[in-house]
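Reader: I am new to this structure and should be grateful for a close look at a single part of it. Please take the aromatic rings, and explain how one pair of them is described.

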Amino acid sequence: MTINKEWQDNEALRRYTLIAPLLQEDLDNAKRVALRKQIAEANDMTIRSLYRYEKAFKDQAFNGLRPMNREKRRSQALPDNFDELVDEAIQLRREVPERSVSQIILILELEHRIAPGVLKRSTLERHLYKAGFGAKHLKTYKEARESSSKRFCKPHRMMLIQGDIKYGPKLPIGKNGAKVQTYLSSAIDDHSRFVIASKFYDNCEETIVEDTFHTVLLRAGKFDRAYFDNGSQYVAKQLKLSLAKLGIHIGYAPVRSGKSKGKIEKFHQVVDAFDRECKLKNVKTLDQLNALWSLYLEEYYHRKAHSGIAEYYQSQGVVVPADGITPVQEWNRDSRPLTFIDTATVAEAFLHHETRKVDRGACIKFQGRKYEAKPSLIGQEVEIAYDPVSPETIRVYHPHVEPFEAKPLQIKEYCDPKPSLPAAIQAMDKPETSRLLDGLEKRHRESKTVVADAISFADYRREGKDNV
């Protein structure tokens, strides 16, 4: 079989591309060895092949890299029905892709299709590989199938928002300057890759995710769906409840499936690059860190052409500008309008609700601090609502009282001269009589009447007997 010349040229060019970095004259041996190993690992090939390509180029220049034009001949040692054996081996590999070549040969021997020891493992493995059924081929097919099935991109902004948390740098913001781990909570638009909200926090509680999506709703309005992994912060009841109140559905990625959240995982590589630059600034405070991060997003990430956006449009047959499309361009030019929700409605949806009992001093206790309620609620259970990001503001609800904002308890110089007492113990007009004594008196009179009637009936019976 004669090898096609165009294929020879393409193969020679591919080989030259591989060894081009190794042909630099100013490269010392140690660097050349390390670079050769790196190229071999990156291209799934052996170092020996690179040595062979280098030698061929030095001996015959570019022509030495062309594959040899030779006839394909079958070894005389192979059995006559070898083609049939390869077909059967392919069938066995397709039935169970995890079957090894040794197991396939054993099956063929057990089925008496070939005598034991005639077919070598290396020979069959080579022919299976050429047919596209090698172990590496099957692994690649499997990974490609799993990966491609998870690739998606919504056609418009605010149809899907992906959220995730990533470790940030450690800052000296703890007690006595102790290093504290920071965490970055982000929300990115699936279509445009525009980062709507992203901020570093000094903890990784579920409240940082609530704050992130509270910010998303205030900045960009309502979105259709959120997409998270199964982290504890994202499966928390409060987050589900808050988004459900606003009619937003939550979807979760399959367990241990990072590829299904590829967009935000790719975005985290941008965070890594920022972290490297941030170390040079010697950041000391959380505010300084977030200020630099906002600058990095606004002036670099959002204004840099994103290959994923271009790839999406190219897959749709749309011509992409030569300089690409940036996330901010894609976000601003989207035809889907933003739908904003009243800020009070958003704030109410993200409030946490708990129950407290008003003590004898007309106070409620929350997070180790007392807040003033109303004396009319003494002894009653009330519902409190608060924002976990700013818990110093508490709103109190009770069926018989208008909602009001509770303030931290302040002990004054004088007590309130006219406290508003609970309705149950408020002073009433002095009653005209004692209802208890009146009731007892009435019952006493009734008892006397019953006794008198019984005596009269006894006399009647006695008088009757005398007459007889």
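Author: The model shown here is a predicted one. It holds 18 aromatic pairs. A pair of aromatic rings is described by the distance of the centres and the angle of the planes. For Trp 293 and Tyr 296, the ring centres are 6.0 Å apart and the planes stand at 20°. Planes under 30 degrees apart count as stacked, so this pair of Trp 293 and Tyr 296 is stacked.

The sequence places the two residues on one helix: Trp 293 and Tyr 296 lie three residues apart in α11, which spans residues 286–301, and about one helical turn therefore separates them. Both also fall under the 20% limit for a buried residue. Trp 293 has a relative accessibility of 0% and so counts as buried, while Tyr 296 is buried with a relative accessible area of 16%.

The pair belongs to a wider group, since ring pairs link Trp 293 and Tyr 296 with Phe 200, Phe 267, Phe 274, Tyr 300 and Tyr 301 into a cluster.

Aromatic rings also meet charged groups in this model. The ring of Trp 331 has the charged end of Arg 157 over it, 5.1 Å from the ring centre. Likewise, the charged end of Lys 374 sits over the ring of Phe 404, at 4.7 Å from its centre.

Aromatic residues appear in the largest nonpolar core as well. This core has 28 residues, and those touching the most other members are Ile 196, Phe 213, Phe 223, Leu 243 and Phe 350. Its largest share, six residues, comes from α8. Leu 243 has contacts with Phe 223 and Phe 350, among others.

Notes:
Residues numbered from 1 in each chain as written. Predicted model: local features only at pLDDT ≥ 70, side-chain atom pairs only at ≥ 80, totals over all residues. Heavy atoms only, no water. Core = buried A, V, L, I, M, F, W, Y, C linked by side-chain atoms within 4.5 Å. Buried < 20%, exposed > 50% of the residue type's maximum accessible area, 1.4 Å probe, protein only. Helix = DSSP H or I, 4+ residues; strand = E, 2+ residues; numbered from the N terminus. Contact = heavy atoms within 4.5 Å. Phe/Tyr/Trp six-rings, centres within 6.5 Å; stacked < 30°, edge-to-face > 60°. Lys NZ or Arg CZ within 6 Å of the ring centre and 35° of its normal. Lists of a residue's contacts leave out its neighbours within four places in sequence.
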